[in-house]
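Here are my notes from going through this one, as numbered points. Have the viewer open while you read.

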Amino acid sequence: PLRLGQLRDQYLATHANGTIEANTLDTCRLHLSHFVRVLGDALPIRELSLEKLQDYVNRRSKAKVSAVTIRKEVATLRAAWNW
């Protein structure tokens, strides 16, 4: 099964060909690296549940990350997921 770290790597590699501006790609890399750090790169994508996403949001909030930033991180994950 596809794992979170693999999704990150494949998504970034695919878009590194210039389809996304370099700054945007760096932001995507940063956002997805937070997900991998918090949830683990071995997390099977099938197991990415609403509960795990809420845990991510809660943990990022405790780290004093703004709600706006967390929403942007989730939007990046959504884009990778939909890709």
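1. Start with T76. In this predicted model, T76 sits in helix α4 and has a relative accessible area of 10%, under the 20% cut-off, so it counts as buried. Leaving out residues up to four places away in sequence, T76 touches C28, H31 and L32. Its C-alpha is separated by 10 Å from that of F35, and the two residues are 41 apart along the chain.

2. That brings us to F35, which lies in helix α2. Is F35 buried or exposed? Its relative accessible area comes out at 0%, so buried it is. The contact list, again without residues up to four places away in sequence, reads L4, G40, L53, Y56, E73, V74 and L77.

3. One of those contacts deserves a point of its own, namely Y56. The rings of F35 and Y56 have centres 3.8 Å apart and planes at 15°, which is under 30 degrees, so the pair is classed as stacked. F35 comes from helix α2 and Y56 from helix α3, so the pair ties together parts of the chain 21 residues apart in sequence. Both partners are buried.

4. How many aromatic pairs does a search of the whole structure find? The count is 2. Besides F35 with Y56, there is Y11 with W83: ring centres 5.6 Å apart and planes at 80°, so this one is edge-to-face. The pair links distant parts of the chain, with Y11 in helix α1 and W83 in the segment after α4, 72 residues apart. The two rings' residues differ in burial: Y11 is buried at a relative accessible area of 6%, whereas W83 is partly exposed at 44%.

5. Now the nonpolar core. In soluble globular proteins, nonpolar side chains tend to be buried together. Here the largest nonpolar core has 18 residues, and those with the most contacts inside it are L4, Y11, L12, L32, F35, L39 and L77. Helices α1 (4-15), α2 (22-39) and α4 are the elements that give two or more residues to this core. Which element gives the largest share? That would be α2, with 7 residues.

6. L77 is worth clicking on if you want to see how the core is connected. Not counting residues up to four places away in sequence, L77 touches L4, L32, F35, L48 and L53. So far as the lists go, F35 and L77 both have L4 and L53 among their contacts.

7. On to helix packing. Two packed helices are described by the angle between their axes and the distance between the axes. For helix α3 (residues 50-62) and helix α4 (residues 67-82), the angle is about 145° and the axes are 11 Å apart. The crossing of α3 past α4 is right-handed. On the α3 side the contact is made by L53, Y56, V57, R60 and S61, and on the α4 side by I70, E73 and L77. By class, that contact has 5 nonpolar, 1 polar and 2 charged residues.

8. Two of those contact residues, Y56 and R60, also turn up around α2. H34, found in helix α2, is in contact with Y56, R60 and E73 once neighbours within four places in sequence are set aside. H34 and E73 are 39 residues apart in sequence, with C-alpha atoms 8.2 Å apart in space. Its relative accessible area is 15%, so H34 is buried.

9. V38 lies in helix α2 too. With residues up to four places away in sequence left out, V38 touches Y56, R59 and R60. Its relative accessibility is 11%, so V38 counts as buried. For scale, V38 and A67 are 16 Å apart, C-alpha to C-alpha, and 29 residues apart in sequence.

10. Last, a backbone detail to look at. Most residues other than glycine have a negative phi, and most peptide bonds are trans. K64 has a positive phi of about 70° although it is not a glycine. Where is K64 placed? K64 is in the loop between α3 and α4. At a relative accessible area of 74%, above the 50% cut-off, K64 counts as exposed.

Notes
Residues numbered from 1 in each chain as written. Heavy atoms only, no water. Axes fitted to C-alpha atoms, helices over the stretch in contact; angles between N-to-C directions. Helix = DSSP H or I, 4+ residues; strand = E, 2+ residues; numbered from the N terminus. Left-handed = near helix turned anticlockwise from the far one by under 90°. Contact = heavy atoms within 4.5 Å. Nonpolar A, V, L, I, M, F, W, Y, C, P; charged D, E, K, R; others polar. Core = buried A, V, L, I, M, F, W, Y, C linked by side-chain atoms within 4.5 Å. Buried < 20%, exposed > 50% of the residue type's maximum accessible area, 1.4 Å probe, protein only. Phe/Tyr/Trp six-rings, centres within 6.5 Å; stacked < 30°, edge-to-face > 60°.
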